[in-house]
Every structure is written in C-alpha cells, then in structure tokens.
Amino acid sequence: MAGGGNLMQYTQQQREYLHKRPANVAQYETVEFNHPDFGSIYLIADQVLTKYFNVDGVDTPFTPVAMSIPSDTNQKTDSSNAGVIQFARVGMQFRSKLKSITPSGALKPITATIRVYQTNTVNPVYQRKLFVAGNGINISEDAVTVKLSFDNPAKVTKQKYFYDPSVFIGLQNG
C-alpha cells in the first residue's frame with residue numbers, strides 16, 4: 001500500500017486476501033476531491049501514467065501524483081480526525097480549484113472519496129467517503145496536506161454556535 005497514514009479498515013476476509021494476494025494483482029489507491037463549485041479532482045497514488053477507473057459507471061481518468069493516503073483509522077479517539085492525505089506536484093492546480101469556491105459555496109463541504117482498485121476489476125474493492133476538515137488544507141510551494149474528517153464540517157452541531165434571538169433581533173419570527 002502506498003502511504004502509511006491512518007484511514008482504511010478492512011474486514012478480516014479482506015486482510016487475509018491482501019496478505020495472500022497474487023503478485024500479479026496490482027492495487028491502486030485513489031482519491032476524489034469533490035465540491036459543487038469546482039467539480040471533481042481525481043488523483044491516483046504513486047503512478048507514472050494516467051489510469052482509468054470506473055466511477056459510478058463512467059470510465060474516469062485519474063491523474064498520477066506522489067501521494068500518501070491513510071491506511072487505517074481509530075474512530076474512537078476523535079471523529080474529526082480521519083487521517084491526512086499528502087501529495088505533491090499539483091499544489092498550484094489544487095489552489096486554483098479552491099479559489100473557485102464562491103462565498104455561498106464555502107458553506108458546503110469538500111468531500112474526499114478514497115477508492116482502492118485492483119488489476120482487472122471494474123469497481124473499487126474498497127471505497128470510503130470522508131470530508132475535508134474545516135481549515136484542513138495546507139498548501140506550500142511543494143506539497144499539499146489535506147486533513148480528513150468523518151463528520152461534515154459544514155453542519156453546525158454544537159450548541160455554542162446557535163444564535164440567540166434575544167441578542168440577534170433579526171432572527172425572530174414574525
């Protein structure tokens with residue numbers, strides 16, 4: 001597996017298969033970043049050439065990039081931390097996609113779908129949809145780091161974030 005972070009949880013049967021998988025069956029780790037304002041970005045870890053995989057019935061090109069994808073997770077400790085994806089060479093393209101998010105679009109989450117494909121398979125053998133954590137994207141000159149979350153950061157679930165109509169008069173009905 002590429003990378004060594006912390007995201008994928010396999011069943012016992014999947015773990016057994018991975019340990020005795022034939023040498024001629026390659027495994028491809030991919031990530032799809034999606035947001036309504038910029039669409040989808042498809043990346044494949046540690047490949048030289050663009051690869052095509054089935055995404056919802058459509059043959060989709062995945063851009064090769066040096067990338068580490070988390071491989072297992074501990075959901076019990078912190079639901080806001082599902083691992084970190086790190087990649088290089090596409091930082092400026094990623095930054096330009098982020099700049100296309102409109103002010104109203106900033107209220108919608110960026111999703112990250114991790115998929116693992118194998119040689120001669122049409123559909124992924126593993127798939128998990130996560131969210132990009134609020135303020136979880138760091139872009140430098142040579143690398144991009146994306147912190148993942150199990151929870152949708154666009155949902156306000158904490159009581160302290162609700163507005164009090166006695167303070168904010170415009171929120172009252174009528």
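**Exercise 1. Describe the order of helices and strands along the chain, and then their arrangement in the sheet.**

Solution. Read from the N terminus, the elements of the chain succeed one another as α-β-β-β-β-β-β-α-β-β-β. The model under study is a predicted one. That pattern comprises two helices and nine strands. In space, an open sheet of nine strands is formed, with mixed pairing and the order β3-β4-β2-β1-β7-β8-β9-β6-β5. The edges are taken by β3 (51-55) and β5 (67-68); each has a single partner strand, so one side of each is left without a neighbour in the sheet.

**Exercise 2. Determine in which sense β3 pairs with β4, and over how many bridges.**

Solution. In general, strands of a sheet pair through backbone hydrogen bonds, either parallel or antiparallel. For β3 and β4 (residues 58-65), the pairing is antiparallel and extends over five bridges. Within this pairing, Lys51 has Phe62 in β4 as its bridge partner.

**Exercise 3. Establish whether Phe53 is buried or exposed, and examine its aromatic pairs.**

Solution. Step one: a residue counts as buried under 20% relative accessible area. Phe53 has 8% and is therefore buried. Step two: Phe53 pairs edge-to-face with Phe62, at 5.6 Å centre to centre and 70° between the planes. Phe62 is itself buried, at 0%. Step three: Phe53 also forms a stacked pair with Tyr117, at 4.3 Å centre to centre and 15° between the planes. This pair links distant parts of the chain, since Phe53 lies in strand β3 and Tyr117 in strand β7 (residues 111-118), 64 residues apart. Tyr117 is buried, with a relative accessible area of 0%. Step four: Phe53, Phe62 and Tyr117 belong to one aromatic cluster together with Tyr28 and Tyr42.

Note on methods:
Residues numbered from 1 in each chain as written. Predicted model: local features only at pLDDT ≥ 70, side-chain atom pairs only at ≥ 80, totals over all residues. Heavy atoms only, no water. Helix = DSSP H or I, 4+ residues; strand = E, 2+ residues; numbered from the N terminus. Pairing = 2+ DSSP bridges. Phe/Tyr/Trp six-rings, centres within 6.5 Å; stacked < 30°, edge-to-face > 60°. Buried < 20%, exposed > 50% of the residue type's maximum accessible area, 1.4 Å probe, protein only.
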